[in-house]
Amino acid sequence: MPTAKNNSVNIHYRTCPLCEATCGLEIHTQGEEVVHIKGDKLDPLSRGYLCPKGYSLKELHSDPDRISKPMMRHGQEWKEVSWEKAFAEISNRLRSIIKKHGRDSVGVYLGNPSVHNLSGPLYTPIFLRTLGSKNIFSASTLDQIPKQLSSEIMFGNEANLPIPDIDHTDYLLMIGANPLASNGSLITAPNMRRRLKALQKRGGKLIVIDPVRTVTAKQADEHYFIRPGTDALFLFGMIFTLFDEDLVNTGKLTDLINGADDLKMASQDFSPEAVSSFCGIPSETIRQLARDLAASSKAIVYGRMGTCTQAFGTMNSWLIDAINVLTGNLDREGGVMFPNPATRRALSGKARKLRYDRYKSRIRNLPEVLNELPASCLAEELETPGPGQIKAFISIAGNPALSAPNSSRIQHALEKTEFMVSIDCYLNETTRHAHVLLPIPTPLERSHYDLIFSGFAIRNIAHFSSQVFDLPAEKKDEWEILLHLAAAVSEQTIDGDPIKVLDDMSLQQLIKHEIRNPNSPIFEEGCSKIMGMLIDRRGPERLLDFYLRVGPYGEHFGKNPDGLSISKLQAHPHGIDLGALQPRIQEILQTLSGKIELAAPLLIEDTERLRKMMKESKPDTLLLVGRRDLRSNNSWMHNLPVLVKGENRCTLWVHSVDAGRLELLKGDKAIVKSRTGKVEVLVQVTEDIMPGTVSLPHGWGHSLTGTRLQTASKHAGVNVNLLTDEQVIDEISGNAVLNGVPVIIEKKR
């Protein structure tokens, strides 16, 4: 419960909302202040582990740079205004633009933090459906959309991502992932260091493939450098070996697979001997890794950020899961499995059509993927005149002016936008261009449930966190803001309180859909009856309670009295362990064929592009890759002193061989150039990077005027996305290419 206003120390338990690990927190407060934060030892998943980001919640909550009241900009001057005035301005301007230019004239960008709170996943879709614009963009196409698309193609649903059963595996081949820095990505598994050590202690093996000898690679049994952008060649080399040496063993999956022969045929041009010189890994090593993988009874191939943010991101994601299928490691203990989260609704039993290429972007004709367009085409859609041009822009917890490719172009495009609204806690590199800035509560002022990340967890877990502090009367929660925006763009006039009306309508639609599903526990129940049983809550907690109660462990509105509800989770503040992952492939498949699509035409046809890449490869080109740090996964974390203290982490990593050729020494300044721009950055000479490769971290570059980021501006660094190219993408998914960027480096004289 929220803390009382007195001098006694109160203890609150909740999950950390700052990354995918979802570690349990024990938060000590006194009055309205946080006095101490430590890991919750009774949390069934994290068991007391906590990284530095968890401690930073204290600073995030009290950061003096946080925006606490709505603001409007006139020229370069910002003024605080009332919520009523802010919403009136938004409604008038958006309605006018929509009336004149149509609904596609409003563009929306959703940032990474949108999925790290309860309001975002539940209420953003309501706003977007009401808006009805095709110009929706998000951080997904700067990160993991290739993985989502490959799962949509192979398994019929982008939400069904195979998750490494890391606590039971004996062999883990990790490609382009650094979970000791990221805390895991598309895998919710706190304290990855302990889990990887446990794997090795029980006799298992960790292999890392990465162009950087990351902190994770240093813990591995074996690490191999790979030339950036060639992961698909390496993966195809393994698949060729599995077929060539008769190592394929699909086991129980055999009758559930479509396309094994087509995949075998597609791999024929990519033998280890043919790809070795391109990817930089010896052919015999590729073959031996395939043999070792096939010989293990519990093995995993896991790829993440590095495999997605390159020109063959979707192909990489597909081939990784294809190898898991070919070795029988999909949907079995110790392999990759499908979680069964507490908020999962029952499938209707109907197959789903592929949500892909149902419309295209206006300028480059890039395909829609899973209801959004690539962030790499945002600038051109903002700045290019003509029918369908984005005239009004809404950013929600995002900073594309810093995090998207060729960010200088986006910055210039935002300067010219007719009307812009931002929902954010900071006046940052993107929101400085807004005309109206709407603040959001701190994480400790709202309740929390990891709606998205429970679907990536290595165990089925449910954990509800009540807010630590009451939300002040002058603030609004994000769900209320999103419903106000929905009301502003609605075609219908809403009588009465728009928040209550829209919230009730949204819940009624959910219930009506559920009671029509013959597989639902409330099939053919009355809508009014279910609504009446949810009357004690409102907003995201009411929607969450509904999802929990109809979910696989739910109390099913009285039919399973011992099942889950918010009330039950509140009685278990440390969370509830719902058990280990179980095989459920036949339950989750939603492809039109009812089978795993191992060689979908869209993916097979893209192999021609891979062959072309081999022919046009320029091995002497310096290639730029990004990197992450445990304390700074995203740009907005740089305004917290606890996360930026210490040595400068925004440096250019250069291998000693390249440094010698370029006459660079540690501490020199280098000029790094690409097609889109240049930066000046301090050099760090290291053996921890592949020769021919250089690295700059993501999220820095806080030197722009018009922001209010006192701490970040003192640790500005340089923006790597001045160098990344919005014209170069994964052609299937449209995902940005943030790794393998050709650059030229000179020593600053």
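This passage looks at the salt bridges and at one pocket of a predicted model.

A good place to begin is with the charged side chains. In the predicted structure, the count of salt bridges comes to 54. Three pairs are described here, with attention to where each partner sits and how much of it is accessible.

In one of these pairs, the side chain of Asp167 meets that of Arg195, with a distance of 2.6 Å from N to O. This salt bridge links distant parts of the chain, as the two residues are 28 residues apart. Asp167 lies in the loop between strand E8 (163-164) and strand E9 (171-175), whereas Arg195 belongs to helix H7 (residues 192-201). Asp167 counts as partly exposed because its relative accessibility is 28%, a value that falls between the limits of 20% and 50%. Arg195, in contrast, has a relative accessible area of 4%, so it is buried.

A salt bridge also joins the side chains of Asp244 and Arg287, at 3.2 Å from N to O. Here too the pair links distant parts of the chain, 43 residues apart: Asp244 is in helix H9 (residues 231-244) and Arg287 is in helix H12 (residues 283-295). With a relative accessible area of 46%, Asp244 is partly exposed, while Arg287, at 10%, is buried. Both residues take part in a network of salt bridges that also includes Glu245, Glu273, Glu284 and Arg291.

The pair formed by Glu541 and Arg537 has its closest N and O atoms 3.4 Å apart. Glu541 counts as buried at 19% relative accessibility, and Arg537 is buried with a relative accessible area of 18%. Both assignments follow because buried means under 20% relative accessible area.

Attention now turns from charged pairs to open space. The second largest pocket of the model has a volume of about 840 Å³. Its lining is made up of 27 residues, and those nearest the centre of the pocket are Ala311, Met613, Val728, Gly740 and Pro742. Two elements, helix H25 (607-616) and strand E30 (741-747), each supply at least two residues of this lining. The largest share comes from H25, which provides four residues.

What classes of residue make up the lining of the second largest pocket? Ten of the lining residues are nonpolar, nine are polar and eight are charged.

Technical notes: Residues are numbered from 1 along each chain as its sequence is written. This is a predicted model: local features need pLDDT of at least 70, side-chain atom pairs count only at pLDDT 80 or more; totals for chains, interfaces and linings use all residues. Side-chain values use heavy atoms; hydrogens and water are left out. A salt bridge is a side-chain nitrogen of Lys or Arg within 4 Å of a carboxyl oxygen of Asp or Glu. Buried means under 20% relative accessible area, exposed over 50%, partly exposed in between (1.4 Å probe, protein chains only). On a 1 Å grid over the protein atoms alone, a cavity is a set of points where a 1.4 Å probe fits but cannot get out, and a pocket is an open set with protein on both sides within 12 Å along at least five of seven lines; lining residues have an atom within 4 Å of a point. Grid points are joined across faces, edges and corners, and a volume is the space filled by probe spheres set on the points. Ala, Val, Leu, Ile, Met, Phe, Trp, Tyr, Cys and Pro count as nonpolar, Asp, Glu, Lys and Arg as charged, and the others, Gly among them, as polar.
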